[in-house]
Amino acid sequence: MRSRDGLVRVAGLGEIPDPGRRTIELGDHIAVLFHVGGEYYCIDDVCTHDGGPLGHGSRDGFAIVCPRHGAKFDIRTGKALTMPATVDTPTHEVEVTEDGVFVRCEA
Ligand code: FES
């Protein structure tokens with residue numbers, strides 16, 4: 001479902017526990033929405049090292065650990081924090097309103 005300005009409603013308020021996460025569809029690709037410390041963050045579900053599914057990784061504070069070879073990414077910025085990843089993963093703008101959690105889908 002797409003709403004105005006390219007924002008897609010991906011969850012209702014309170015649907016994703018804190019801490020928690022949800023894998024979401026954004027256009028033609030998959031992303032991961034994190035709920036941590038009262039805030040929401042969204043990054044692509046793709047490790048830039050070799051395509052590992054970041055949404056399946058363990059979380060260490062604001063870092064997500066790729067389940068394939070252990071690279072860490074900052075879920076707030078998408079920044080690659082450790083080898084073997086050297087390229088940041090894309091982030092997506094999140095907007096929270098009384099109607100739910102919305103993520104911008106650049107189609
Ligand atoms: S695919 Fe993620 S660290 Fe290699």
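Two residues are in contact if their C-beta atoms, placed from the backbone, lie within 7 Å. The model is predicted.

**Exercise 1.** Among contacts between residues at least 6 apart in sequence, work out what share joins residues at least 24 apart.

*Solution.* Start with contacts whose partners are at least 6 apart in sequence. Next, keep those whose partners are at least 24 apart. The share is 38%.

**Exercise 2.** Describe the secondary structure of the protein and its pattern along the sequence.

*Solution.* Count the helices: zero. Count the strands: nine. Then read along the sequence: the pattern is β-β-β-β-β-β-β-β-β.

**Exercise 3.** Compare the radius of gyration of the protein with that of a compact globule.

*Solution.* Take the chain length, 107 residues. A compact globule with that many residues would have a radius of gyration near 13 Å. The protein has 13 Å, so the two agree. Now add the extents: along its principal axes, the C-alpha trace spans about 40 × 30 × 20 Å. Finish with burial. A residue is buried if 20 or more other C-beta atoms lie within 10 Å of its own. Of the 107 residues, 36% count as buried.

**Exercise 4.** Lay out the open sheet of three strands.

*Solution.* Set the order: S5-S6-S7, with antiparallel pairing. Find the edges: strand S5 (58-60) and strand S7 (72-74), each pairing on one side only. Add the twist, which averages 30 degrees from one strand to the next. Then look at strand S6 (residues 63-65): S6 and S7 pair in the antiparallel sense over three bridges. Last, fix the register: Ala-63 stands opposite Asp-74 in S7.

How values were computed. Residues are numbered from 1 along each chain as its sequence is written. This is a predicted model: local features need pLDDT of at least 70, side-chain atom pairs count only at pLDDT 80 or more; totals for chains, interfaces and linings use all residues. Helices (H or I, at least four residues) and strands (E, at least two) are DSSP runs, numbered from the N terminus. The radius of gyration is taken over C-alpha atoms; the globule rule is 2.2 Å times the number of residues to the power 0.38. A residue is buried if 20 or more other C-beta atoms lie within 10 Å of its own, exposed if 12 or fewer, and partly exposed in between; C-beta atoms are placed from the backbone. Two strands pair if DSSP finds at least two bridges between them. Axes are lines fitted to C-alpha atoms, for helices over the stretch in contact, and angles run from 0 to 180 degrees between N-to-C directions.
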